[in-house]
Amino acid sequence: MFVAGIDIGSRAAKAVVMEDGQVVSHAIIDTGAESAKTADKVLREAIRPVGLSLEDIEYTVGTGYGRCLIPFANDNISEISCHAKGVNWCMPSVRTILDMGGQDCKAIRCDAMGRVVSFVMNDKCAGGTGRFLEVIADILRVPLEGIGELSLESKEPIPFNTICAVFAKSEALTLQKRGVAKSDILAGLHEAIATRAYNLLRRVSPEPEFTISGGIAKNAGMVAKVKAKLKLEPVFWDEPQIMGALGAAVFAAERSALAASA
Amino acid sequence: MLANYGYTDGSGDYFLTIDTDQCDGCARCITACGENVLEMAKDDYGKLVAKVRDQVAPKLSYVCLGIERGCSRREKSCQTECELNAITLTW
């Protein structure tokens, strides 16, 4: 029996398909203007390589920013619970999760069952989010995928006083015009974002083991900075960006089993 | 579960924390709040608990007066009404 989890994030949409407790396939696409269409598209992308049709999916759980706008989902569950669930499924020893997404950042502590013990979410402003890094990469004309690595090459990180996306953008531009190395600018910005993530993590009293999820988890520079601040070695699974969708799929499997037995 | 709503900004920490394991869903905090900060909603595990409204969370310090700075002078607040001590504020 196949079940699916769909995570409509602010920047990327993720889908995970599972069968009998195993991940069958997954897909990640950019979030379009309409959540309903994006949800349909990302699920089709996920099922195509394994030769399934939409009718084969028995139960679907939606999560993320656009979770209430998925017409074909049987249920929707908050991304906080889904992240804890997903992380617990693939890395059961993890107790602390830092989710660094497109437009928000969350710190979650969970128990051995994958239930949320404490969480805090920053969705007040764009500073320190994936979108912020996209803007900076664009200004410095560095591919987004390369900014983390480049920041690690810095010898003298430039301290940034602000990570307000608007102010940091102009500060980065000024520095660049002055001839400061891109790696130093990036290292400073990564440092500032990591500090903010660390402050968020402190609120949930982090415990080992620790993982980072979301798109920014693929940024080696950020991972290194957060690790240095928190003094905890993060553990990772194959694809950190799909944790929310994975958790939604695990919830889907549980709920469809519950519905079948009722 | 400790649900932390709010943020840290240039002027300080503004967090309203609801211990949903303690909360019994009596809803007295909601009627006590003059600023309409809270609402009752089912959490992901199906329990009816108090939460900060989604629209309020990103601007919490501008809507909620805080206990020390504002509500301690009032007769009632979410905190005084909660017999289970499920609500804490940092300001």
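This is a short talk about a predicted model with a chain A and a chain B.

Okay, hi everyone. Before we look at anything, please keep in mind that this is a predicted model. I'll start inside chain A, then go to the boundary between its domains, and finish with chain B.

So, chain A. The domain assignment splits chain A into two parts. Domain 1 takes in residues 1-91 plus 242-262, and domain 2 takes in 92-236. Notice that domain 1 is written as two stretches of the chain.

Let's find the sheet. In what order do the strands of the open sheet in chain A sit? Going across, you read E3-E2-E1-E4-E5, so to speak, five names for 5 strands, and the pairing is mixed. Now look at the two ends of that list. Strand E3, residues 22-30, and strand E5, residues 75-76, are the edge strands of chain A. Each has a single partner strand, so one side of each has no neighbour in the sheet.

Let's zoom in on one pairing. Strand E1 of chain A, residues 2-8, runs parallel to strand E4 of chain A, residues 57-63, and 6 bridges link the two. If you want one to click on, take Gly5(A): its bridge partner in E4(A) is Val61(A). As a general reminder, strands of a sheet pair through backbone hydrogen bonds, in either a parallel or an antiparallel way.

What lies across this sheet? Helix H8 of chain A, residues 243-261, lies across E1, E2, E3, E4 and E5 of chain A. The helix runs at about 140° to E1(A).

Right, on to the domain boundary. The C-alpha centres of domain 1 and domain 2 of chain A are 26 Å apart. Where the domains meet, 15 residues of domain 1 of chain A are in contact with 24 residues of domain 2 of chain A. Together they bury about 1,500 Å², and carbon and sulfur atoms give 66% of that.

Which three residues supply 43% of what domain 1 of chain A buries against domain 2? Those are Arg11(A), Ile80(A) and Met91(A), and no other three residues supply more. Keep an eye on Arg11(A), because we meet that name again: a salt bridge is counted where a Lys or Arg side-chain nitrogen is within 4 Å of an Asp or Glu carboxyl oxygen. The side chains of Arg11(A) and Glu134(A) form one, at 2.6 Å from N to O. The count between the two domains of chain A is 1 salt bridge. There are also 6 residue pairs in polar contact across that interface. On the domain 1 side, the largest share, 10 residues, comes from helix H2 of chain A, residues 79-90.

Now for chain B. Here 15 residues of chain B are in contact with 16 residues of chain A. The area buried between the chains is about 1,400 Å², with 50% from carbon and sulfur atoms. Asn4(B), Asp44(B) and Tyr45(B) supply 46% of what chain B buries against chain A, more than any other three residues. How many salt bridges does the rule find across the interface of chain B and chain A? It finds 0 salt bridges, while 8 residue pairs are in polar contact. On the chain B side, the largest share, 7 residues, comes from E1(B).

Last stop, a hairpin. Strands E3 (residues 38-42) and E4 (residues 48-52) of chain B pair antiparallel over 5 bridges, and Glu39(B) has Lys51(B) as its bridge partner. Between E3(B) and E4(B) there are 5 residues, and Gly46(B) in the turn has a positive phi of about 90°.

That's me done, thanks!

Notes
Residues numbered from 1 in each chain as written. Chains lettered and ligands numbered in written order. Predicted model: local features only at pLDDT ≥ 70, side-chain atom pairs only at ≥ 80, totals over all residues. Heavy atoms only, no water. Pairing = 2+ DSSP bridges. Helix = DSSP H or I, 4+ residues; strand = E, 2+ residues; numbered from the N terminus. Contact = heavy atoms within 4.5 Å. Axes fitted to C-alpha atoms, helices over the stretch in contact; angles between N-to-C directions. Domains from an automatic or database assignment. Buried area = accessible area lost by both parts, 1.4 Å probe. Polar contact = N/O pair within 3.5 Å; in protein donor to acceptor, adjacent residues only side chain to side chain.
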